[in-house]
Amino acid sequence: MTAANETSPHSEAAESASETAPAEGTTSHDIPLPAGLAKPMAEDWDPAPLMPHPASRAGTPSAGAATFARNRAALSAAFGGQLVVIPAGPLKVRSNDTDYGFRAWSAFTWLTGETVEGAVLVLAPSGAGPESGHTAALYVREYEGPGTPGYFTNRVHGALWVGNVPTVADTEAVLGLTTRPLSELGRDLEAHRGRPAVAPRGIDPAVDALLPDAEAGQLAQVIDELRMVKDDWEVSQLQAACDATARGFADVAAELPAVLASGGRRGERWLEGTFWRRARYEGNEVGYSSIVGAGQHATTLHWWRNDGDLADGQLLLADMGVEVDSLFTADVTRTMPVNGAWTDTQRKLYSAVLEAQETAIAEVKAGADFLAAHRAAMWVLADHLHSWGILPVTADVSCATDVEAPGAGLHRRYTLHGVSHMLGIDVHDCAAAREENYFSGRLGAGYVLTVEPGLYFQPNDRSVPPEWRGIGIRIEDDILVTDGAPVNLSGALPRQPDEITAWMREAQSRPARP
């Protein structure tokens, strides 16, 4: 049985279910509800079992509550005197009457710690002036419970169908944030009619309808620039995501012999599922669609089909990350020989990418410009390509800052992409930040970014030796910027060629386990 989309407001259905059929929340394939069933089905129930809030830790407030309060205070300071409304978003249809698994809008969770669908954060100004501050309130949906017809008719928000949810009071206690029923949102917003309002458009149609005159303005930009610096708790979430990701990579390595022994058919899809199991076991989901590319599929940057076979002698490029329950995600890539042994060509090319990555990571420091790591990695790769006779110009020429100079950029045929992006509660974090504060800006302590150089030799590229064609290599780690040396949050996964094959053997010697 699967959840269906709600077809009418549940408050109205509670009044009419005993009189009409089909019942609220039902679809064409459901058995019609007898008119006389609603009343007896609503009687003789004890209260539904309580559902603890996912952020709770043995009944104590969320460990991230101070971070969320800090985030709200920073947003409040940017929009003094204005009503600010931030929705989590609604469910989204996958097909017909089934929905995708819900994932809250990142900015909403960054401000609240909440992850449920339909919830809304309201920052109500305490006064008219820009220094007046705000009072925060979270609005969450109460599911229909025992004693209401919707308890058994509402496929989307009836507790008999989908389970109960934490109470409003429990949510408030865990998150340390005033919490009210979602049914009161419209009335409470009405009290602010006429006041300047800021809200994102298109995240939740219901909020758009309640605030027709609200403007998004610079909201996304402000939030994303605030998100660039991670505090200690946020770094701890990223570290947890990287640690879980490392265990997921070990799960994948452990299954390689069995995949090869079975003929390798659709091995990419099997390994994708293996990592997904780890992500669901230790966190919320994968942070993005996993890339599992064997052989020439590794040369496709966003190989998301993951339907290829595995064969002895290939390299496997796996770009995967666990998103933990707080929605912070890792983003890690490792390239490994599927049979546990490098060929001379594979080792040579891999070692060049590793040298490029290590050189780039050394450039990740507070005060450095964002592109310093990229420039360092590109020079190393261009230098190797020139020494191998692939590039007709030196690294200095190919990496020239004057892109119109003869020979400039020729290495990009084989490197293809930038080396870094911000990482956090989104895999491509802070995307709405201004260019001068991101791409053209300088790094600050507390930033977290990826460093991920690669070499890609397309299977149809006649400019490289035949034995190189169809080889793709990328190495990616998640790096915390500090006032001192960079910290590799994903450093638990080996990168040196011999360490990788030793790690593979060790993973394959252990039975699968949670």
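These are my notebook entries on the cores, aromatic pairs, surface patch and odd backbone spots I looked up in this predicted model.

**Entry 1: the main core**

I started with the nonpolar packing. The largest nonpolar core has 111 residues, and the members touching the most others are Leu-75, Phe-249, Leu-316, Met-336 and Trp-503. I then asked which helix gives the most to this core. That is helix H11, residues 232-261, with 13 residues. There is another core lying apart from the big one; this one has 15 residues, including Val-120, Ala-199, Val-207 and Leu-211. As a reminder to myself, nonpolar side chains in soluble globular proteins tend to be buried together.

I clicked on Leu-75 to see what it touches. Leaving out neighbours within four places in sequence, Leu-75 is in contact with Val-84, Leu-111, Leu-123, Leu-219, Val-222, Ile-223 and Leu-226.

**Entry 2: aromatic pairs**

Next I went through the rings. Searching the whole structure turns up 10 aromatic pairs. I took Trp-233 and Phe-328 to begin with: their ring centres are 6.1 Å apart and the planes sit at 85°, so I logged the pair as edge-to-face, the cut-off being over 60 degrees. Where in the chain do Trp-233 and Phe-328 sit? Trp-233 is in helix H11, while Phe-328 is in the loop between strand E11 (322-323) and strand E12 (332-337). The two are 95 residues apart, and the pair links distant parts of the chain.

Are these two rings buried or exposed? Trp-233 has 17% relative accessibility, so I count it as buried, since the limit is under 20%. Phe-328 comes out at 3%, so it counts as buried as well.

I looked at Phe-249 and Phe-275 after that. They also make an edge-to-face pair, with 5.9 Å from centre to centre and 70° between the planes. Phe-249 belongs to helix H11 and Phe-275 to helix H12 (residues 267-282), so this pair, 26 residues apart, links distant parts of the chain too. Both Phe-249 and Phe-275 are buried. Phe-249 is also on my list from the main core, among the members that touch the most others.

One more note on rings: Trp-388, Tyr-414, Phe-457 and Trp-468 form one aromatic cluster.

**Entry 3: a charged residue on H11**

While on helix H11 I checked Asp-251, which is located there. Asp-251 has 15% relative accessibility, so it counts as buried. Not counting residues up to four places away in sequence, Asp-251 touches Thr-274 and Arg-278.

**Entry 4: a nonpolar patch outside**

Then I turned to the surface. Trp-45, Leu-160, Trp-161 and Val-162 make a nonpolar surface patch of about 350 Å². I picked out Leu-160, which is in helix H6 (residues 159-162). Its relative accessibility is 44%, so Leu-160 goes down as partly exposed.

**Entry 5: positive phi**

Last, the backbone. Asn-306 has a positive phi of about 50° although it isn't a glycine. I found Asn-306 in the loop between strand E9 (291-294) and strand E10 (315-320). Is Asn-306 buried or exposed? At 0% relative accessibility, Asn-306 counts as buried.

Leu-416 has a positive phi as well, about 70°, and again is not a glycine. Leu-416 lies in the loop between helix H16 (412-415) and strand E13 (448-451). With a relative accessible area of 34%, Leu-416 is partly exposed.

Definitions and conventions:
Residues numbered from 1 in each chain as written. Predicted model: local features only at pLDDT ≥ 70, side-chain atom pairs only at ≥ 80, totals over all residues. Heavy atoms only, no water. Core = buried A, V, L, I, M, F, W, Y, C linked by side-chain atoms within 4.5 Å. Buried < 20%, exposed > 50% of the residue type's maximum accessible area, 1.4 Å probe, protein only. Helix = DSSP H or I, 4+ residues; strand = E, 2+ residues; numbered from the N terminus. Contact = heavy atoms within 4.5 Å. Phe/Tyr/Trp six-rings, centres within 6.5 Å; stacked < 30°, edge-to-face > 60°. Patch = residues over 30% accessible without salt bridge, like charges linked within 9 Å, V, L, I, M, F, W, Y side chains within 5 Å. Areas by Shrake-Rupley, 256 points an atom, 1.4 Å probe, with all protein chains shown as cover. Salt bridge = Lys/Arg side-chain N within 4 Å of Asp/Glu carboxyl O.
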